[in-house]
Amino acid sequence: MKNGMLWYDNQSMKPVEDRVQKAVDYFIAKYGRPPFCCFVHPDMLAEPMQLKDAVKVIPDQHVLKNHIWLEIGVEPPNS
């Protein structure tokens with residue numbers, strides 16, 4: 001988790017898929033591509049899952065509750 005965008009969503013009554021997808025949609029609108037992957041607190045998600053756009057969502061205890069870390073990823077340099 002080096003480069004990315006941190007998203008806060010405290011709407012715990014909504015399904016985690018909807019909450020993460022909203023963050024992914026915003027990320028795509030802002031950066032023009034989907035994130036490499038997303039990390040969420042284990043209280044939000046017990047097992048990894050995959051969203052549309054092939055975005056993998058991974059539980060990680062280093063992410064604060066109600067936060068979603070969207071990893072930018074690094075593109076290889078042009079040769």
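## Report on a predicted α/β chain

Of the 79 residues in the protein chain, 38% count as buried. The model is predicted. The chain exposes about 5300 Å², and carbon and sulfur atoms supply 53% of that area. Take contacts between residues at least 6 apart in sequence: 58% of them join residues at least 24 apart.

**Fold and sheet**

The chain has 1 helix and 5 strands. Along the sequence they follow the pattern β-α-β-β-β-β. In what order do the 5 strands lie in the sheet? The order is β1-β5-β2-β4-β3. The sheet is open, and its pairing is mixed. Strands of a sheet pair through backbone hydrogen bonds, either parallel or antiparallel.

β1 (4–8) and β3 (49–50) are the edge strands. Each of these two pairs on one side only. β3 pairs with β4 (residues 56–59) in the antiparallel sense, over 2 bridges. Here Q50 stands opposite K56 of β4.

Helix α1 (residues 16–31) packs on the sheet. Which strands does α1 touch? The helix touches β1, β2 (37–40), β3, β4 and β5 (67–71). The direction of α1 makes about 135° with that of β1.

**Core**

The largest nonpolar core has 17 residues. V20, C38, V57, I68 and L70 have the most contacts inside this core. Four elements, β1, α1, β2 and β5, give two or more residues to it. Which element supplies the largest share of this core? That is α1, with 5 residues.

I68 shows what such a core residue touches. Neighbours within four places in sequence are left aside here. The contacts of I68 include M5, L6 and W7. R19, V20 and A23 are also among them. So are C38, F39, V40 and M44.

**Four residues up close**

The table collects relative accessible areas for selected residues.

| Residue | Relative accessible area | Class |
|---|---|---|
| C37 | 6% | buried |
| C38 | 0% | buried |
| Q21 | 12% | buried |
| N66 | 23% | partly exposed |

Start with the cysteines. How many disulfides does the structure hold? The number is 0. C37 is in no disulfide, and its nearest cysteine sulfur, that of C38, is 6.8 Å away. C38 is likewise in no disulfide; the nearest cysteine sulfur to it is that of C37, at 6.8 Å. A disulfide needs the two sulfur atoms within 2.5 Å. C37 counts as buried because its relative accessible area is 6%, and buried means under 20%. C38 is buried too, at 0%. C38 is also one of the residues with the most contacts inside the largest nonpolar core.

Next comes Q21, which lies in helix α1. Is Q21 buried or exposed? At 12% relative accessibility, Q21 counts as buried. Residues up to four places away in sequence are not counted in its contacts. Beyond those, Q21 touches L51, K52 and D53.

Last is N66, in the loop between β4 and β5. N66 has a positive phi of about 65°, although it is not a glycine. Most residues other than glycine have a negative phi. N66 is partly exposed, with a relative accessible area of 23%. The class follows because buried means under 20% and exposed over 50%, with partly exposed in between.

How values were computed. Residues are numbered from 1 along each chain as its sequence is written. This is a predicted model: local features need pLDDT of at least 70, side-chain atom pairs count only at pLDDT 80 or more; totals for chains, interfaces and linings use all residues. Side-chain values use heavy atoms; hydrogens and water are left out. Two strands pair if DSSP finds at least two bridges between them. Contact means heavy atoms within 4.5 Å. Axes are lines fitted to C-alpha atoms, for helices over the stretch in contact, and angles run from 0 to 180 degrees between N-to-C directions. A nonpolar core is a set of buried Ala, Val, Leu, Ile, Met, Phe, Trp, Tyr and Cys residues joined through side-chain atoms within 4.5 Å. Buried means under 20% relative accessible area, exposed over 50%, partly exposed in between (1.4 Å probe, protein chains only). Accessible areas come from the Shrake-Rupley method with a 1.4 Å probe; for residues, only the protein chains shown count as cover.
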